[in-house]
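Biologist: Please take a close look at the aromatic side chains in this model. Set them against the strands, and then move on to the rest of the fold.

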Amino acid sequence: MRSACWSAVYRSYRHRYDVSPGFRFNGCGIQLYGPGRIELGEHSYIGELSTIQAATSRAVRVGRLCRISHNVRIYSETASADNDFRQGENDVISADVAIGDGVWIGANAFIGPGIAIGDNAVIGANSVLTRSVPADEIWAGIPARFVRRKRSRSAGDRSLP
């Protein structure tokens with residue numbers, strides 16, 4: 001019964017947002033929300049309990065062939081840390097999020113407003129991205145930092161390094 005219930009929710013996401021037919025919701029409890037635009041690319045997937053939020057006039061784009069693991073958070077808007085939260089109204093930080101093609105995002109990662117992740121990049125598990133990541137790089141940590149450039153291999157070379 002639980003999977004049937006989530007199946008209906010995921011169908012509604014496909015209707016509300018720009019979700020490619022080949023995109024896969026990989027598990028239960030995945031949430032897409034907000035009045036902004038969410039684009040999810042072909043042959044990509046998102047894992048259980050993950051969340052994507054698109055604020056008003058903002059977009060979150062996930063490219064083709066992306067792997068987004070479990071419990072990942074992607075937000076296009078958040079409160080400013082400089083707010084005095086004792087006051088009624090608070091400033092927000094709001095910006096688009098762009099995830100390129102072939103990106104792998106590990107479990108429990110956080111990606112905030114204004115972040116761009118280049119093609120073929122890797123974001124390690126439990127990472128918090130506070131700045132954009134160039135293509136072909138591996139980043140990890142809190143805050144996420146550059147680990148190394150990916151080793152280049154031709155498309156036909158699948159042997160281990």
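Modeller: The answer starts with the aromatic rings, goes on to the sheets and ends at one loop residue.

The model is predicted, so local features need pLDDT of at least 70 and side-chain atom pairs pLDDT 80 or more, while totals for chains, interfaces and linings use all residues. Numbering starts from 1 along each chain as its sequence is written, and side-chain values use heavy atoms, without hydrogens or water.

Seven aromatic pairs turn up when the whole structure is searched. One of them is Trp6 with Tyr10, a tilted pair at 5.7 Å centre to centre and with 35 degrees between the planes (Phe, Tyr and six-membered Trp rings pair with centres within 6.5 Å; planes under 30 degrees apart are stacked, over 60 edge-to-face, the rest tilted). Both residues belong to helix α1, residues 2-16, where they are four residues apart, or about one turn of the helix (DSSP runs from the N terminus: helices are H or I of at least four residues, strands E of at least two). Trp6 is partly exposed at 23% relative accessible area, whereas Tyr10 is buried at 9% (buried is under 20%, exposed over 50%, partly exposed in between, with a 1.4 Å probe on protein chains only).

Trp139 and Phe146 make an edge-to-face pair, because their ring centres are 6.5 Å apart and their planes stand at 80 degrees. Trp139 counts as buried, with a relative accessibility of 6%. Phe146, its partner in the pair, is partly exposed at 43%. Returning to the helix pair, Trp6 and Tyr10 also belong to one aromatic cluster, together with Tyr13, Phe23 and Phe25.

The strands place several of these rings. An open sheet of seven strands runs in the order β2-β5-β8-β13-β16-β18-β19, and its pairing is mixed (two strands pair if DSSP finds at least two bridges). Its edges are β2, residues 24-26, and β19, residues 144-149; each has a single partner strand, so one side of each has no neighbour in the sheet. Phe25, from the aromatic cluster, falls in β2, and Phe146 falls in β19. Trp139 sits in β18, residues 137-141, which runs antiparallel to β19 and is joined to that strand by five bridges. The edge-to-face pair of Trp139 and Phe146 therefore spans these two antiparallel strands. One bridge here links Gly141 to Ala144 in β19.

A second open sheet has five strands in parallel pairing, ordered β3-β6-β9-β14-β17. Here β3, residues 31-33, and β17, residues 128-129, stand at the edges; each has a single partner strand, so each is left with one side free of a neighbour in the sheet. Inside the order, β6 (residues 51-53) and β9 (residues 73-75) pair in the parallel sense over three bridges. Ile52 has Ile74 in β9 as its bridge partner.

Ala107 lies in the loop between β13 (104-105) and β14 (110-111). That loop runs between a strand of the seven-stranded sheet and a strand of the five-stranded one. Ala107 is partly exposed, with a relative accessible area of 22%. Outside its neighbours within four places in sequence, Ala107 contacts Ser69, His70, Val72, Ala125 and Asn126 (heavy atoms within 4.5 Å). Ile46 is 61 residues from Ala107 in sequence, and their C-alpha atoms are 10 Å apart in space.
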